Every structure is written in structure tokens, then in C-alpha cells.
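Q: I'd like a close look at one part of this model, the surroundings of the ligand. Please come at it by way of the salt bridges, and keep it informal.

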Amino acid sequence: MTARRGVSSPAMERWQTIIEPFRIHSVEPIRITTRDERALAIEEAGYNLFNLHADDVLVDLLTDSGTGAMSRDQWAAIQHGDESYAGSPSWYAFLDAVHELFPFRHVIPTHQGRAAEKILFSVIGGPGMTIPNNTHFDTTRANVEFTGAAAVDLVIEEGRHPEVEHPFKGNMDLPRLDALLAELGPTNVPAVFVTITNNSGGGQPVSLENLRGVREICTRHGVPLFLDGCRFAENAWFIKTREPGQAGRSVTEIVREIGALADGMTMSAKKDGMANIGGWLAVNDDRLAEQCRNLLILTEGFPTYGGLAGRDLEAIAQGLREVVSEDYLRYRITSTAYLGDALGRAGVPTVRPIGGHAVYLDARALLPHVPPLQYPGQALAVALYLEGGIRGCEIGTVMFGRHPDGTESPAAMDLVRLAIPRRTYTQSHVDYCIEVVRWVAERAADLRGYRIVDEPPALRHFTARFAPLA
Ligand SMILES: Cc1ncc(COP(=O)(O)O)c(C=O)c1O
């Protein structure tokens with residue numbers, strides 16, 4: 001095994017072409033559509049990409065969550081799924097696989113990441129509490145705020161500027177964290193979170209050195225440290241390849257060190273669990289675990305299956321073994337950068353450096369003639385669909401611009417995220433995306449903004465309907 005790895009890695013380094021480290025064994029057809037068909041589909045969808053029928057999409061980059069392809073060995077593991085209500089062997093397979101990487105004392109399976117968040121924040125949150133994070137993901141923020149607690153983002157300054165290069169742009173601002181904990185104290189801060197990689201900040205990694213710094217501050221103030229671990233393997237790969245002194249360590253070793261620095265974690269297995277559904281909450285504290293399990297039984301299910309079928313637990317267990325493969329991670333991170341770097345060379349503005357799971361196009365920079373309240377991100381996302389059938393996701397003023405008091409203001413950035421599902425598209429799909437994005441970018445001056453004709457009171461990006469401006 002070692003000898004075969006030794007041959008494959010230099011080969012990848014010497015040649016430029018990215019080889020997917022898998023062969024395709026089962027295929028899903030993509031329905032090839034014409035521009036006219038897409039024009040009709042997007043009009044019927046109220047110019048909202050979430051409203052499209054997925055059969056009308058050629059390359060679906062809406063999200064990397066739960067959209068990846070499972071391996072032969074995951075499908076085989078599914079056949080071992082045991083649906084016993086309590087004590088299923090599939091639960092023990094899942095527990096062993098999680099413990100292999102994250103040996104927390106208590107592991108609580110949930111149907112996805114936000115269920116773990118909901119349970120944890122219901123126990124530790126509440127009015128008067130504050131939860132710091134490098135950047136809260138939207139469901140994390142929503143679950144914190146739902147309890148009446150405050151969600152505070154403390155990413156380093158570099159992480160707030162799309163064009164700034166920094167190897168670990170997801171790092172926590174340590175002096176600000178220290179000051180916040182000194183001001184509020186452990187009674188008002190029930191946990192510090194670190195999201196790896198920092199999805200809402202462009203899929204940017206957090207360094208081991210920064211995590212050790214967060215640990216030291218948390219220990220000094222007596223506050224537990226939690227990971228939002230969705231993309232832990234991608235983060236570990238960035239540590240291995242970018243952080244001084246880490247190149248000689250295995251990804252598994254790095255992941256274990258990351259886990260050992262924390263007191264618990266929430267996880268969506270739809271990302272680096274390589275599964276289509278699933279998640280978990282893990283904690284070391286016995287009393288906290290008991291309170292969380294009581295809620296789990298109310299909302300998810302018995303503690304040995306949570307919100308999952310036995311077969312899902314098996315798929316995750318196998319996925320966790322595969323995600324730390326260095327051949328896989330090299331391909332994953334290189335192929336995401338391949339898309340972003342090609343667009344950068346073509347003059348398309350993107351968040352830099354390219355993150356682990358997605359490329360973020362800077363629509364505000366590309367469409368300076370479309371004011372933020374005419375939604376440049378939406379205009380760009382719709383154009384990519386119309387011209388090439390590519391579905392991305394607006395992350396900007398549509399998503400964040402409407403406030404609970406009914407006012408509207410521009411978001412900090414207007415981005416279009418092209419998220420790459422795991423092991424799903426080939427390099428020629430990516431080359432196609434590069435061609436389409438370049439074509440649209442060269443004609444960006446012709447794109448017009450949108451107005452919203454109908455929107456719900458909250459989370460409007462999912463269901464709002466738009467009309468193009470003349
Ligand atoms: C960083 C981060 N945290 C939490 C979640 C929530 O996970 P789920 O979609 O499984 O509820 C996501 C999902 O995209 C995420 O990216």
C-alpha cells in the first residue's frame with residue numbers, strides 16, 4: 001500500500017492534468033438543455049435558482065452539502081445497514097469511525113448538522129449568552145439567535161477582504177477573542193466555536209497554530225472550545241500543505257490533533273462525512289451529554305441512531321475512512337483551485353485564495369454598474385444558468401440584506417458561490433464551467449439588475465421571486 005502511494009504522489013506532482021482518483025462505475029444522465037428552454041425555466045422559477053427543477057440544471061454547483069457521489073465501498077456498507085431500534089451494529093461501526101478521528105467521550109448522532117446545533121444551543125444558549133465563532137454559518141447563527149443568545153464573528157481582519165491573500169484566512173482573531181472573554185467571562189460565554197473550514201468566509205482554513213491559540217485562551221478563561229467540523233479533512237489538508245512543520249504528518253494525525261484541542265464538536269456528515277445525509281454532536285462533558293441526549297430523544301430518536309437509518313450510519317462510517325485519503329484530498333483541493341485559478345487568470349474577480357469546497361465569484365466587482373440593492377450576485381447567478389445551465393448560489397444582498405426590522409441594506413459582499421460536490425463532476429465539466437463563466441464575465445456590462453416582486457419575512461433567498469430590470 002505504502003509503495004503504491006509512493007508512486008502515485010510524485011506522478012500527480014510532475015504532470016499538470018488533474019486525474020480524478022476514481023473510475024466511474026455508475027452514471028447519472030444530465031439532461032442537455034437549450035438556452036431557450038432555460039430562459040423559460042428560469043422565468044417560471046421567478047428568476048430564483050432554488051425554484052428550478054434540478055433536471056433543468058446542467059452543472060449543479062448550488063452546494064457541496066449532501067450532493068457528493070458515494071463510493072462502491074459506501075454502497076456496499078449500506079447493505080450492512082442494521083435497522084435495530086437500539087444497539088444496532090451500524091451504530092457501533094459509526095461510533096468506531098468517528099472515534100478513530102475524534103475520540104470525544106460522547107457521540108450523539110443527528111440527521112444533519114443543524115440538528116446537532118439546535119440541541120446544543122438549546123442547552124447552552126439563552127438570553128444573555130454570547131457565542132463567538134470565526135464566522136457563524138447561517139444555520140449556526142440562526143440556532144444561536146433562536147435561543148436569545150448573541151452570535152459574534154471574530155475572524156481575522158484579512159478574512160473580511162475578498163482580494164487579500166493569506167494562507168489561513170479562516171483564523172480567529174485571538175486578541176479580540178481574549179478581550180471578549182475577559183469582558184464577558186465564562187458565565188456569559190458557554191462555548192467558543194471555530195468553523196473548519198470557514199464556509200461563510202470563503203471556505204478558508206484555520207491553522208493549527210491558531211487553534212492552539214484559541215485553546216490556550218479558552219483554558220485560561222475556563223470556557224469550552226467546540227469545532228464546527230463540517231470540512232475538517234479539507235482543513236487538515238491545508239494545514240499539511242501550508243503550515244510550517246506539518247508536511248510530514250498524515251492527515252489523520254492532524255485531524256486527531258485538531259479534535260484533541262476541543263471539548264466537543266458539531267458536524268454535518270453531508271460534507272466531509274462523504275454521505276448524503278447525517279451528522280453528529282460530540283462532547284466530553286458527561287452532564288452536558290446527558291442533557292443533549294434527553295433532547296435528542298425528543299427530536300431526533302434513540303441515542304444509537306439519532307435521526308438516521310442504520311444504513312446511513314454505515315455510509316458515514318465508510319465515508320470517514322475515505323475522506324482522509326491523501327490522494328482524494330490532493331485531487332479535491334487541486335481541482336477546486338483549478339477552477340478558481342483559471343477564472344482568476346481570465347480576469348474574473350474571485351475571493352482569494354481559493355478555498356476548499358467552492359469558488360466565490362465577486363459579483364460586486366464584476367458588475368459595478370448594478371447597485372447592491374439591484375442584486376448583482378443574483379444577476380450573475382441567473383446569467384450563468386441562462387447561458388450555460390450552471391446553478392450557483394447568490395451569497396450577498398439577497399441572502400443577507402433584509403433585516404428583522406424590515407429595513408434593507410447592502411450585504412458586506414455580493415458573491416456567487418460555485419460549490420463543488422465531492423467526486424461528482426469531471427475535469428471536463430469544470431472546463432465547461434470555466435468557458436461559460438468567462439463568456440458571461442466578458443459580457444458583464446450587458447447584465448441588468450433585478451427587483452424582488454415577492455418575498456417571505458425571513459430567509460428570503462430560498463423562495464423570493466424576482467423580475468429583471470429594464
Ligand atoms: C460550516 C457549516 N456549519 C453547519 C452546516 C449545517 O449543516 P447541515 O446542512 O447538515 O444542517 C453547514 C452546511 O452547509 C456548514 O457549511
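**From salt bridges to the ligand**

A: Let's start with Arg460, which counts as buried because its relative accessible area is 3%, and the cut-off for buried is under 20%. Keep in mind that this is a predicted model. Arg460 pairs up with Glu455 in a salt bridge, with 3.2 Å between the closest N and O atoms. Glu455 has a relative accessibility of 26%, so that partner counts as partly exposed. Elsewhere, salt bridges with shared partners string Asp64, Arg231, Glu234, Asp272, Arg332 and Arg422 into one network. Hang on to Arg231 from that list, as we'll meet it again at the ligand.

How much else is there of this kind? Searching the whole structure turns up 30 salt bridges. One of them is Arg35 with Glu387, where the closest N and O atoms are 2.9 Å apart. Arg35 sits in helix α2 (residues 35-44) and Glu387 in helix α15 (residues 376-388), so this pair ties together parts that lie 352 residues apart in sequence. Arg35 has 40% relative accessibility and therefore counts as partly exposed. Glu387, at 25%, also falls in the partly exposed class. Another salt bridge joins the side chains of Arg391 and Asp60, at 2.8 Å from N to O. That one links distant parts of the chain too: Arg391 belongs to strand β10 (residues 390-391) and Asp60 to strand β1 (residues 59-60), 331 residues apart. With a relative accessible area of 6%, Arg391 is buried.

Now for the ligand itself. There are 14 residues around the ligand, and Arg114, Asn199, Asp228, Ser268 and Lys271 come nearest. Sorted by class, the shell holds 2 nonpolar, 6 polar and 6 charged residues. Helix α5 (residues 113-124) supplies the largest share of that shell, 3 residues.

Down at the atom level, here's Arg231 again: an N or O atom of its side chain is 2.9 Å from an oxygen atom of the ligand. A nitrogen atom of the ligand is 2.8 Å from an N or O atom in the Asp228 side chain. The Gln112 side chain also has an N or O atom 2.9 Å from a ligand oxygen. On its own the ligand has 390 Å² of accessible area, and the protein covers 96% of that.

Two of these residues deserve a longer look. Gln112 lies in the loop between β2 (106-110) and α5. Its 13% relative accessibility means that Gln112 counts as buried. Leaving aside residues up to four places away in sequence, Gln112 touches Met267, Lys270, Ile277, Gly278 and Gly279.

Ser268 is part of strand β7 (residues 264-268). With a relative accessible area of 3%, Ser268 is buried. Again setting aside residues up to four places away in sequence, Ser268 touches Gly113, Cys230, Gly278 and Gly279. So Gly278 and Gly279 turn up in the contact lists of both Gln112 and Ser268. Ser268 also reaches Lys271, side chain to side chain, through a polar contact of 3.1 Å. Both partners in that contact, Ser268 and Lys271, are among the residues that come nearest to the ligand. For a sense of scale, the C-alpha atoms of Ser268 and Gly310 are separated by 17 Å, with their positions 42 residues apart along the chain.

Notes. Residues are numbered from 1 along each chain as its sequence is written. This is a predicted model: local features need pLDDT of at least 70, side-chain atom pairs count only at pLDDT 80 or more; totals for chains, interfaces and linings use all residues. Side-chain values use heavy atoms; hydrogens and water are left out. A salt bridge is a side-chain nitrogen of Lys or Arg within 4 Å of a carboxyl oxygen of Asp or Glu. Helices (H or I, at least four residues) and strands (E, at least two) are DSSP runs, numbered from the N terminus. Buried means under 20% relative accessible area, exposed over 50%, partly exposed in between (1.4 Å probe, protein chains only). A residue is near a molecule or strand if one of its heavy atoms lies within 4 Å of it. A polar contact is a pair of N or O atoms within 3.5 Å; within protein, one must be able to donate a hydrogen and the other to accept it, and residues adjacent in sequence count only if both atoms are side-chain atoms. Accessible areas come from the Shrake-Rupley method with a 1.4 Å probe; for residues, only the protein chains shown count as cover. Ala, Val, Leu, Ile, Met, Phe, Trp, Tyr, Cys and Pro count as nonpolar, Asp, Glu, Lys and Arg as charged, and the others, Gly among them, as polar. Contact means heavy atoms within 4.5 Å.
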